[in-house]
Amino acid sequence: MVEVEMNGTTPSVRDELITEIESSFGLLHKAAANFDNRYISRVFRDLGPLRRKLAKNGDALATVIDRLYPHNSASRAYLLEVTGKTDESMDEETKSAVKPEVDLYIHLLVQVYLLDNNRLEELNKFNDKVIYLLESYNRRSLDFIQAKIWFYISRTKELIDDLHSIRPALLSALRSATLRHDTETAASTITLLLRNYSLCHEVNQAMNLVEKTEFPENAGSSLVARYYYYLARINAIQLDYSSANEYVIAATRKAPQTQSAVGFLQAATKLSIIIELLMGDIPELQLFRKQSDSLEPYFMLTKAVRLGDLKLFEEVLKKYEQAFKKDDNFTLVSRLRQNVIKTGIRIISLSYSKISLKDICIKLLLDSEESAEYIVAKAIRDGVIEASINHEHGYMKSKELLDVYSTKLPQDDFDQRIKFCLSLHNDSVKSMRYPSADNRSDINKHNLAAKEDEMDLLKAIEEGDLDDFMD
């Protein structure tokens, strides 16, 4: 029979996990020696599977900590305490000091272990020690690990519903990262602060942060995607729908096309649908076919807006109210009532060359003819319809449709596409890596290392993590 420990894992499984954790230390040492964050990226690619194993095998992490940290280390005692192991070892063997990269990586593993086991209060206290530790280090090889640690610190505060207390620490981290030219941590803290303000519905604070900070150009594409997403949400709330639409499209394109980014892509798609509707456009049907289940409320919403049916819109709003609130889109969805009315007026103007305001009031389920006249007048002023109102006889008369190709609309659309292509070309050129002049004589050396990098690059392309190799 196979011997099973108290936590339900066999010694062989625990030993394999210990070996897997310790094998990543070699890559961290290479990152420290070469100041190359690509080794950190390779460690993070294996973090997902490792995290799932750690959630069930916390004893393996405690064993690694016991082997790694010397007795005089300040971190040893509390790391063993949170992993559920008492420091009873009497071994006086001299151990070398733990490198900062390995030290922070162990703290990151403890964070995800406590988070996955829902030990939020312990994790919150542990994060205070981690913040103090982060302040004591200033090495560029730690940038990626620090950015990831700050994410889990902010996530912990979000889960325990304590969003305000973390802001001073995030602002301090942003200031330090900017002064140290720590691109990854600066980008991460900016997105975390924007998320914090967004969850608290403090749009003015978020806009002040955007105006007074400069998002790093060389940040990873996943952080850029998050930043664009929050910019889209902020601009949509502030009624700047054209800018919001550009940002949400950029967020969708920048996001990694992998299984781990499905949740983000769904959130960005939902926001994109609402912004398109608020701009007066109708999303394509193909968009809803890809994710039919999660986008059902938004499909019904689009249907109501497309038909200009105010009654159907009210029914959809009432039926899916909780779904819209869960996505934090209810405020934006509520604004679509005017768009439903405008669409209804547009359909009426195309169907009738002349119609009374009373009939418009009946078709759109409006309260009075005065409100119908006001809405029609506003639609004419906004350019939604080409018509005129006869106040004396109380009717609306539609004008003949203009040829769209005689306007500036095709030119504007063509200009927008050219700008996107140029932006894509510039980003691609910036992402390329070239050997420096000092290292050109050594290009033919280290062929084995070059082959390893090539294999890692191919793997990164498959998993959508190419930006980590380009930083």
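In the predicted model, His201 counts as exposed, its relative accessibility being 55%, a value that lies over the 50% cut-off for that class. This residue is found in the loop between α10 (183–199) and α11 (203–212), and its backbone adopts a positive phi of about 60° although His201 is not a glycine. A positive phi of about 60° is also assigned to Asp161, which is not a glycine either. Asp161 is located in the loop between α8 and α9 and is likewise exposed, with a relative accessible area of 66%.

The helices α9 and α10 pack with their axes 9 Å apart and at an angle of about 150°. Because angles over 145 degrees count as roughly antiparallel, this arrangement makes α9 roughly antiparallel to α10. The crossing of the pair is left-handed. On the side of α9, the contact is made by Arg167, Leu170, Leu171, Ala173, Leu174 and Ala177, and these meet Thr185, Ala186, Thr189, Ile190, Leu192, Leu193, Asn196 and Tyr197 of α10. When the residues of the contact of α9 with α10 are divided by class, 10 are nonpolar, three are polar and one is charged.

A second helix pair is formed by α14 (residues 262–278) and α16 (residues 296–307), whose axes come within 11 Å and cross at roughly 10°. Since angles under 35 degrees count as roughly parallel, α14 is roughly parallel to α16. In this contact, Lys270, Ile273, Ile274 and Leu277 are contributed by α14, whereas Tyr298, Leu301, Thr302 and Val305 are contributed by α16. The residues of the contact of α14 with α16 comprise six nonpolar, one polar and one charged.

Helix α9 also appears in the surroundings of α7, as one of the elements that cover the buried residues of that helix. Helix α7 itself, spanning residues 120–135, has 16 residues and reaches 23 Å from its first C-alpha to its last, which is close to the 22 Å expected at 1.5 Å a residue. Within α7, the residues Leu120, Leu123, Asn124, Phe126, Asn127, Val130, Ile131, Leu133 and Leu134 are buried, a class that requires a relative accessible area under 20%. The cover over these buried positions includes α5 (76–82), α6 (100–116), α8 (143–159) and α9 (167–179); of these elements, α8 and α9 are the helices between which the loop holding Asp161 is found.

Definitions and conventions:
Residues numbered from 1 in each chain as written. Predicted model: local features only at pLDDT ≥ 70, side-chain atom pairs only at ≥ 80, totals over all residues. Heavy atoms only, no water. Axes fitted to C-alpha atoms, helices over the stretch in contact; angles between N-to-C directions. Helix = DSSP H or I, 4+ residues; strand = E, 2+ residues; numbered from the N terminus. Parallel < 35°, antiparallel > 145°, perpendicular 65-115°, else oblique. Contact = heavy atoms within 4.5 Å. Nonpolar A, V, L, I, M, F, W, Y, C, P; charged D, E, K, R; others polar. Expected span 1.5 Å × (residues − 1). Buried < 20%, exposed > 50% of the residue type's maximum accessible area, 1.4 Å probe, protein only. Left-handed = near helix turned anticlockwise from the far one by under 90°.
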